[in-house]
Amino acid sequence: MFGLFRRNKTQSVTGVLSHRLVLLSVSERLKPMKQVDFEMADQSLEEMYDWVSELEGHCWINGGHYNLEAQPVGKYQLHLSRYLGSEALPIVLTNNSETVLHTLPLIHSPRRELGIIHIGRQFEIKASLEPDQGSAFHFALSRYNECRLFCLGIDQASQDERAWEYAEDLGCDWMTLAECSFSYRLQVKQQLANYLAHCDDVIVNIDLSCLYPVSRLERGSALDVQMVNRMIRQLLISGKVRQVQLVGYKDKHLYSKQTQSILHELTQMFPSNNRAA
């Protein structure tokens, strides 16, 4: 099987997995997000959920939209646990990476190694007293000894020395944005394979904003969506992925060609299933 990162022109891998895809969306207000920004994020995510669930040719199980400011977190966790305990793969649209913290208690086991693969520019390991934006994996790693983190696409220019030191102290693995370019595809594939070999279960977190350049003058600051799709394909074929989380709330990220490409990649890996409410 030379290169999961090469398309086999004579044999399609469409529908190689037996799981079903479940679509959920979650909005959560965390500091320092303003109320007006949260309300816009909630509306955008709910509209995105409706749009994706009705896409022609993309059959999803509808898991629902959850506003965690208006609804108890336990309601979301209850519904999510039902899917995690079945032959289903939840795809969660959310405005914060911290939403993953609601999943961890549901799948954590002291006898199984849990891996989080974060695709984004930032480590998101800000040490804070309670979860706020940018602290997701600080809490994941400090609360769960069996949890390990692999970050892909870290932008060296946006990380200070303290972040690098803390990431090392936490035992994180990472590859920089430059190391995740197409020319390093074989190295990325090998590092992912090595990481997967030490994990029993995996959660994938993708920051959709990393697929866009920081500015029009910095095109090289964006992660190539084709590389992300190759990562997704390798991860799903491993059979260890329990949840995929797509993080963003701005329309330019949610409705972008890059996000559509990721959703298409996900649906191509699964056989068609009847959509249920």
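This is a short guided tour of the structure in your viewer, one selection at a time. Keep in mind that you are looking at a predicted model.

**Stop 1: helix H7**

Start by selecting residues 225–237, which make up helix H7. How far apart are the end C-alpha atoms of this helix? They are 18 Å apart, and that agrees with the 18 Å that 13 residues should span at 1.5 Å a residue.

Now turn on the surface and look for H7. The helix is mostly covered, with 11 of its 13 residues buried. Among the buried ones are Val225, Met227, Val228, Met231, Ile232, Leu235 and Leu236. The list of buried residues also includes Asn229, Arg230, Arg233 and Gln234.

Next, look at the two ends. Select Asp224 and Gln226 at the start of H7: a side-chain oxygen of Asp224 comes within 3.0 Å of the backbone nitrogen of Gln226. Then go to Gly239, which follows H7 and has a positive phi, near 75°.

**Stop 2: the neighbours of H7**

Keep H7 on screen and add residues 257–268, helix H9. The axes of H7 and H9 come within 10 Å and cross at roughly 20°. Angles under 35 degrees count as roughly parallel, so H7 is roughly parallel to H9. The crossing of these two helices is right-handed.

Now swap H9 for helix H6, residues 185–196. Here the axes come within 11 Å, and the crossing angle is roughly 30°. H6 and H7 are therefore roughly parallel to each other. What is the handedness of the crossing of H6 and H7? This crossing is right-handed.

**Stop 3: two cysteines**

Select Cys180 and Cys210 and show their side chains. A disulfide is a covalent bond between the sulfur atoms of two cysteines. How many disulfides does the count come to? The count comes to 0. For Cys180, the nearest cysteine sulfur is that of Cys210, 9.2 Å away. Looking from the other side, the nearest cysteine sulfur to Cys210 is that of Cys180. To count as a disulfide, two cysteine sulfur atoms must be within 2.5 Å, so Cys180 is in no disulfide, and Cys210 is in none either.

Try the surface again here. Cys180 is buried, with a relative accessible area of 1%, and Cys210 is buried too, at 2%.

**Stop 4: Leu246 and Val92**

Select residues 241–247, strand S8, and find Leu246 within this strand. Is Leu246 buried or exposed? Leu246 counts as buried, because its relative accessibility is 1%, and buried means under 20%. Now add Val92 to your selection. Leu246 and Val92 are 154 residues apart in sequence, yet their C-alpha atoms are 6.1 Å apart in space.

**Stop 5: two backbone details**

Most residues other than glycine have a negative phi, and most peptide bonds are trans. Your last two selections let you look at the backbone with that in mind.

First, select Lys31 and Pro32. A cis peptide bond joins them, with omega about 5°. Pro32 sits in the loop between strand S1 (20–27) and helix H1 (35–53).

Then select Glu124, in the loop between strand S4 (114–119) and helix H4 (136–143). Glu124 is a residue other than glycine, and its phi is positive, near 60°. At 12% relative accessibility, Glu124 counts as buried.

Key
Residues are numbered from 1 along each chain as its sequence is written. This is a predicted model: local features need pLDDT of at least 70, side-chain atom pairs count only at pLDDT 80 or more; totals for chains, interfaces and linings use all residues. Side-chain values use heavy atoms; hydrogens and water are left out. Helices (H or I, at least four residues) and strands (E, at least two) are DSSP runs, numbered from the N terminus. The expected span of a helix is 1.5 Å times one less than its number of residues. Buried means under 20% relative accessible area, exposed over 50%, partly exposed in between (1.4 Å probe, protein chains only). A polar contact is a pair of N or O atoms within 3.5 Å; within protein, one must be able to donate a hydrogen and the other to accept it, and residues adjacent in sequence count only if both atoms are side-chain atoms. Axes are lines fitted to C-alpha atoms, for helices over the stretch in contact, and angles run from 0 to 180 degrees between N-to-C directions. Angles under 35 degrees count as roughly parallel, over 145 as roughly antiparallel, 65 to 115 as roughly perpendicular and the rest as oblique. A crossing is left-handed if the near helix is turned anticlockwise from the far one by less than a right angle, and right-handed if clockwise.
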